[in-house]
Each structure stands twice: as structure tokens, then as C-alpha cells.
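Me: Please take a close look at one part of this model, a short strand and the residues around it. After that, set it beside the other local features that can be described.

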Amino acid sequence: MTDNDMVVPQDVSDYILYTSDSTGLIYYTPNLFNRCIYYQSNVHILISDLLRTIDFQKRNSLMRNLYPLFQKELTFIQNYPIRYFTIHGKVISFRMRLIQNQDFIIFKLDDNSNYKIHSIQFKCPISLLSDYSNEALSKFEQHCYLTCTVEKAWYLTKDMVEFNVIKIINIYDLNMFETTKFWTKCIQTRNILMKIPWNPQELQRNELYLLKDGQKKTPEVHIEIPRQNISTNYNAPMVES
């Protein structure tokens, strides 16, 4: 990212699309999306939070009316436009599928965040796994833990949403330290997204942290260590949106 990428107009009032009377949130025109650090980076997220966000966006007529051309490409958290997510969890099932003469692996993850596992799946080209490691596919067969970057595929039915894997970050056996570290980052990011609305005129402290690639400290967050995988049937809890 260059310095020019972060330059924003002195006055963004001409780029305001809508201001919510109930929440005070300001929604900006797509011209400014590339000025949002979370539009340009991978947002660490728990799968339950991702599904909750998608469900809210599907039911929110305001978002459909404001951004009709971006519903299949972006996920909006508050007024943040987000393209890419980083997820982490245990591979609990997978199958091979030939799509347009290309081999894919379609799989499900359990990240222990209490959601209905049947409601989301991930699709990854076999070639992407092979590029990461010759042993990657055999790791899937051993129900490994996977960290990867995904984007919306929008294979969507009433009960299913699909994401494409675009980058393999890590494949390994159970590592509670890595899992806990991932959860901590997810909760830190969620707190920022939910508490600090996006303002393209401000390079906020959380954005500086991302730009410096972790050189700046963030407040310590204390969380419980995620439970062990003991079941594949969960009911998503009610969480304040």
C-alpha cells in the first residue's frame, strides 16, 4: 500500500450516500471504498459472526437499496465494506468435485464458535492446496486445522452460503496456542468494527496498527480458550447485533 492510496478528499460530504437517523451511521459512495483499510485487508472473523453478518445483510433492505451492485461481492459490517476474510477451524468433512474441468475440494470447518455447520461451506481449487504443500490434501484427510483467506462465492440457497478460498495461510494439527491467538484477534477486530464507525477522513488507530503490520500494540483481550471439537451439531446463540 502506498501513501497515495490513503489520500482522501478534504471534504467527503459530496461522497455521503446516506446518514441513518436511528444509528447515526454514515454510508459513503463506492468511490471511497478503497480508502477503507478493511476493504484492502483480510478481516479475521469467527464463522458465527460471519454468518450473522450475512444474515443481517440479507434481511436489511437499506443495504440492498444503497449498494445493489455490491451485495454479491461485499459484506458490510456497520458501514465498513469488506471483501476478504481470514477464517480458522478444523476440517470436519470434505468432498471432491469437478467444476468446469477444474478439481475442487468442498469442505466444512468447525471453529468452535457455535453455529449450524450445515449452513456454510468452502470451496478451494486442488491446485491451491498443491501449491501450498504436497501433503496438504492428506492433511485434509486427517481433519487438520486450517487457516485461510476467503471471499464470497455466493452459491446461496435458503440454508447455505459458500465462500471461495483464495489463499492458504496455514495447515497444521491441533495447536491451542494458534487457535487462541486467532480468537483473540477476531474479538479485537470485532470490537473495533462494531464500536468505531468508518470515517474516511480519519486514519484511526486500528488502521495504523494494520498498516504497520502489527508493530503497534493493541489492548490485551482476555478470552476463554476455545473448547475441543466434540460435536458437529450446534445451535447459534442469540447475540446482540
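What follows is an account of one strand residue, then of loops, a hairpin and a helix.

Reply: The model is a predicted one, and the close look starts at T75. This residue belongs to strand β4, which covers residues 75–77. Is T75 buried or exposed? Its relative accessibility is 1%, and because buried means under 20%, T75 counts as buried. The side chain of T75 makes a polar contact of 3.5 Å with the side chain of K152. K152 also appears among the contacts of T75 once neighbours within four places in sequence are set aside; the others in that list are T53, Q57, Y80, P81, I82 and F85.

After β4 comes a loop that leads to β5 (80–82), and Q78 sits in it. The phi of Q78 is positive, near 55°, although the residue is not glycine. Most residues other than glycine have a negative phi. With a relative accessible area of 27%, Q78 is partly exposed, whereas T75 in the strand is buried.

A second residue of this kind is Q100. Its phi is near 50°, again a positive value in a residue other than glycine. Q100 lies in the loop that links β6 (84–99) and β7 (102–110). At 77% relative accessibility, Q100 counts as exposed, since the cut-off for exposed is over 50%.

A positive phi is also found at a glycine, in a hairpin. Strand β1 (residues 16–19) pairs with strand β2 (residues 26–28) in the antiparallel sense, over three bridges. I16 has Y28 in β2 as its bridge partner. Six residues lie between the two strands of this hairpin, and G24 takes a positive phi near 80°.

The last element is helix α6, made up of the 20 residues 176–195. How far apart are its end C-alpha atoms? They are 28 Å apart, which agrees with the 28 Å that 20 residues should span at 1.5 Å a residue. At the N-terminal end of α6, N175 acts as the cap: one of its side-chain oxygens lies 3.1 Å from the backbone nitrogen of F177. Along the helix, the buried residues are T179, T180, F182, W183, T184, C186, I187, Q188, T189 and L193.

Conventions: Residues are numbered from 1 along each chain as its sequence is written. This is a predicted model: local features need pLDDT of at least 70, side-chain atom pairs count only at pLDDT 80 or more; totals for chains, interfaces and linings use all residues. Side-chain values use heavy atoms; hydrogens and water are left out. Helices (H or I, at least four residues) and strands (E, at least two) are DSSP runs, numbered from the N terminus. The expected span of a helix is 1.5 Å times one less than its number of residues. Buried means under 20% relative accessible area, exposed over 50%, partly exposed in between (1.4 Å probe, protein chains only). A polar contact is a pair of N or O atoms within 3.5 Å; within protein, one must be able to donate a hydrogen and the other to accept it, and residues adjacent in sequence count only if both atoms are side-chain atoms. Two strands pair if DSSP finds at least two bridges between them. Contact means heavy atoms within 4.5 Å.
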